[in-house]
Structures are given as structure tokens and as C-alpha cells.
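Let's take a walk through this one together, starting with the overall layout and working down to single helices and residues. Have the model open and turn it as we go.

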Amino acid sequence: MKKYDERETLFSRIGLEKGSKEYLEFYSKNKDTKVDDDSLRRISFRNALRKSDKFKELFFPIIANNKLYIKNLHEMTEKYELKEKVTIPKGFNDNIKEITKYYGATDVGIVKLNDSSYYSHFGGLSESLDIENYGKLIDAKYKTGIIFTVKMDLEFMNRAPHYEELLTTEQAYLRVAEVGARLALYLKSLGYDSFSNNSELYLAPLVPLAYDAGLGEIGMSNHLVTREYGDNVRIGAVFTNMELDTDKPVDFGLVDFCKKCALCLINCPSHSISHLPRMVNGRQFYKFDDTSCFDLWTKTGTDCGVCIQSCPFTQGIDLEKVKRMKNNPELMKELIKDHLEIHGRRKYTKNDLNIVKIGGKK
Ligand code: SF4
Ligand code: SF4
């Protein structure tokens with residue numbers, strides 16, 4: 001099994017300081033991405049946002065302190081001392097799922113973690129937590145992953161690629177950190193060491209784990225696509241040494257559905273999505289151009305989200321038909337036709353939401 005290395009991810013690559021020891025070392029081994037990565041290095045989303053200076057002055061601070069909030073959650077969780085161990089009864093996995101939902105998760109699944117679930121090394125993405133970890137080995141010490149989704153706001157996502165998209169994405173990252181922190185605190189209070197992954201510090205890539213946990217399948221967008229909310233969700237994960245019964249991946253026929261749909265690929269403004277399969281550790285992903293995708297983000301000043309907005313599952317789809325669509329190409333075609341009739345090729349709402357309209361409702 002291939003181990004993922006966070007240093008190879010786009011965010012880690014473009015976070016490297018040009019000319020630094022880490023930069024020289026990385027690109028001596030990875031020459032082919034250097035020129036493209038250099039063009040994307042250290043770009044400010046605030047500057048890139050296509051809005052007036054007044055707009056940026058008033059509305060960018062809505063999310064400017066999210067990382068500070070996440071830092072506090074992280075530090076509180078890490079500092080919290082383990083309490084005396086409580087014996088866990090059989091079937092407690094169901095309680096854990098309900099408790100995670102109580103804390104704010106939309107859906108929850110549980111997986112067994114092994115060495116290859118984890119990144120091999122940190123990619124140095126935790127600057128906002130005042131943690132310097134670039135190149136440090138990751139200790140695969142937790143054996144159970146509690147993986148959850150938090151859904152984003154569809155009204156906001158349907159404004160993608162405009163500022164509302166960034167607002168709902170950032171909101172979801174913050175909620176993920178909150179749910180994870182509360183769950184980790186709870187597990188530690190029962191005497192089980194636990195770690196909450198958050199947008200500033202991951203021990204593992206979460207899409208494969210969310211797939212393993214049965215929360216959805218991997219779509220052509222390379223996102224987790226859930227039946228109920230499509231890819232309009234963010235993923236969180238708490239790793240723990242509490243032993244719990246685990247879930248299994250689901251197969252509702254998404255691989256075949258994506259072949260017929262391809263709306264994310266068609267609508268992607270940077271042509272980053274492809275229909276070509278890419279197998280990673282036995283899970284089907286798709287070839288994807290992360291550089292051209294991020295390049296578009298630097299032009300919109302948001303993280304785009306058009307692929308999320310384009311997905312029929314994001315917009316809501318007949319779940320009764322979805323239950324029967326596997327191995328039924330005609331039903332898949334019918335679902336796509338229904339979607340196109342209601343939403344067109346892409347559901348996009350032009351007018352700003354009141355939250356960023358000066359003077360609000362008028
Ligand atoms: S975020 Fe935008 S640019 Fe990136 S893959 Fe999705 S649609 Fe394409
Ligand atoms: S938009 Fe269509 S092709 Fe893309 S992930 Fe969603 S269902 Fe699959």
C-alpha cells in the first residue's frame with residue numbers, strides 16, 4: 001500500500017519559501033511541478049477577490065479570525081488531560097455516532113486505521129497553529145477513526161465561485177473543528193487518547209477514510225459524494241484508541257452514474273477534472289490537475305466550488321430512485337434528465353446574499 005506524503009500535496013508545495021532548504025530539497029526530486037508551483041506561491045485570496053476595496057474591508061474580516069478560533073480549539077483539546085478509563089460496552093459505536101451528530105455532524109462512520117491510512121510526513125501546513133512540522137514523521141498511533149461530514153449551505157454554494165462560496169466553506173471548516181474538538185474532549189474524558197484533525201493539521205487524507213466509512217462514494221470531482229448532499233460537505237475526523245465496531249464502504253452505483261453525468265467536468269472553468277480513472281490503494285479516484293484548479297482559485301479569490309455546485313447530488317436528487325439506480329443505466333439517465341430539467345447544466349444564482357449586500361435586504 002502506498003503511503004500518502006503530505007509534502008506532495010499542492011498546499012504544502014506552494015507553501016514552501018522559494019530558495020529555502022526545504023524548497024531546494026523538494027524540487028531537486030520533483031522538478032516537473034516547480035514552474036507551475038512557483039507561479040502560485042504565497043498568493044493572497046483577499047487581493048485576488050474580484051470585489052471593491054470597501055467590500056473587502058467590510059466582509060473579508062467575517063472569516064479572518066477563523067484560524068485563531070481553530071487554534072484555540074486545537075490547543076484546548078491537546079492540553080486536556082486523559083481521565084480514568086471507562087469500559088466501553090458492545091454496540092457503543094452507535095452511541096458514538098449519535099453523540100457526534102449531537103455535536104453538529106451531518107453523518108458519521110467509523111473505520112479501522114492502519115499505517116497506510118496516515119500521511120507518512122507532515123507538509124508544514126500548521127503555521128496558523130504556531131506548529132512547525134514540515135518533514136516530521138507522523139506516528140500512526142491511533143487505531144480507530146471516527147469520520148464525519150458537515151454539510152455546507154446550498155444557498156451560499158449556489159453563488160460559487162463568488163464570495164459566498166468561501167464563506168460557507170470556511171464556516172464548515174470551523175464547524176468541523178468544533179465537532180472534532182468536542183468529540184475528542186469527550187473521548188479523553190472517558191480515558192481514551194484522541195486527536196481531532198482540523199483544516200490546519202491533518203494526520204491523514206480524509207476522502208479515502210470517508211469512503212471507507214461508508215459516508216459516500218468518490219465522484220469524478222475526486223470529492224466524497226454523499227447521497228443526500230452530494231459533495232456539498234466538508235469532512236472531519238477524530239482518531240482515537242477506543243476500539244469500536246466499524247462500517248463498510250457503500251456502492252450505490254456512483255462510478256457508472258458519473259460516466260453518464262460528467263457535469264463537474266463540463267462546468268469546471270479550468271478544465272482540471274478528467275474522466276480517467278486513477279486507482280489509489282484500491283479506491284477509484286480520477287486524474288486531476290490540481291495546479292490549474294488552484295490557479296483558478298487565485299483568480300476568483302475563493303476556492304471556486306463550481307464542481308460542487310454542478311453535482312446533481314448537491315442540488316438534491318430523488319433518493320428513492322437512487323436506491324434502485326445501481327446497474328440500471330436507464331434509471332441513471334432518467335435521474336440526470338430530471339436534474340437538467342429542473343436545474344439546467346449548472347445551478348447558479350447570480351444575486352448576492354444579504355450577508356454581503358450593503359444595506360442588507362433592500
Ligand atoms: S474547484 Fe473549480 S476549478 Fe477546481 S476542479 Fe472544481 S470547478 Fe474546477
Ligand atoms: S457532477 Fe456528476 S460526474 Fe461529477 S461527481 Fe457529481 S455525479 Fe459525478
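A word on domains before we begin: their bounds here come from an automatic or database domain assignment. Keep in mind too that this is a predicted model. The assignment gives domain 1 (70-240) and domain 2 (254-349), and their centres, taken over C-alpha atoms, are 23 Å apart.

How do the two meet? On one side, 27 residues of domain 1 make contact with 30 residues of domain 2. Look at the domain 1 side of that contact: α10, α11 (206-212) and β4 each put in at least two residues, and α10 gives the most, with four. By class, this side of domain 1 splits into 11 nonpolar, 11 polar and five charged residues.

Now find ligand 2. Both domain 1 (70-240) and domain 2 (254-349) give residues to its shell, so ligand 2 lies between them. There are 14 residues around it, and the closest are Gly219, Cys258, Cys261, Cys264 and Cys311. The class count for this shell is 11 nonpolar, three polar and no charged residues. Three helices, α12 (254-261), α13 (263-267) and α16 (312-315), each supply at least two residues of the shell; α12 gives the most, with three.

That makes α12 a good next stop. Its buried residues include Leu254, Phe257, Cys258 and Cys261. Viewed down the axis of α12, the buried residues fall within an arc of 100 degrees, so they line one face of the helix. The spacing fits a general rule: an α-helix has 3.6 residues a turn, so residues three or four places apart point the same way. Packed against the buried residues of α12 are β4 (217-218), β5 (224-225), α13, α16 and α18 (329-343). On the face turned away from that buried side you'll find Lys259 and Lys260, which are exposed. Just past the helix comes Ala262, with a positive phi near 55 degrees.

For a second helix of this kind, try α14 (residues 290-300), where Cys293, Phe294 and Thr300 are buried. Down the axis of α14, its buried residues fall within an arc of 115 degrees, so here too they line one face of the helix. Their cover includes α1 (10-15), α3 (34-40) and α4 (45-48). Right after α14, Gly301 takes a positive phi of about 75 degrees.

Next, the interior. The largest nonpolar core has 79 residues, and Ile146, Ile147 and Ala210 touch the most other members. The largest share of this core, 13 residues, comes from α10, and the core draws at least three residues from each of domain 1 (70-240) and domain 2 (254-349). Zoom in on Ile146: leaving aside neighbours within four places in sequence, its contacts are Ile96, Thr100, Val108, Ile110, Leu183, Ala237, Val238 and Thr240.

Finally, go back to α10 (residues 163-189), the helix that holds Glu164. Is Glu164 buried or exposed? With 20 or more other C-beta atoms within 10 Å counting as buried, Glu164 is buried, because 22 lie within that distance. Not counting residues up to four places away in sequence, Glu164 touches Phe156, Arg159, Leu353 and Val356. Asn197, by contrast, is 33 residues from Glu164 in sequence and 25 Å away in space, C-alpha to C-alpha.

Conventions:
Residues numbered from 1 in each chain as written. Chains lettered and ligands numbered in written order. Predicted model: local features only at pLDDT ≥ 70, side-chain atom pairs only at ≥ 80, totals over all residues. Near = placed C-beta within 6 Å. Nonpolar A, V, L, I, M, F, W, Y, C, P; charged D, E, K, R; others polar. Buried ≥ 20, exposed ≤ 12 C-beta atoms within 10 Å, placed from the backbone. Arc of directions from axis to C-beta. Contact = placed C-beta atoms within 7 Å. Core = buried A, V, L, I, M, F, W, Y, C linked by C-beta atoms within 7 Å.
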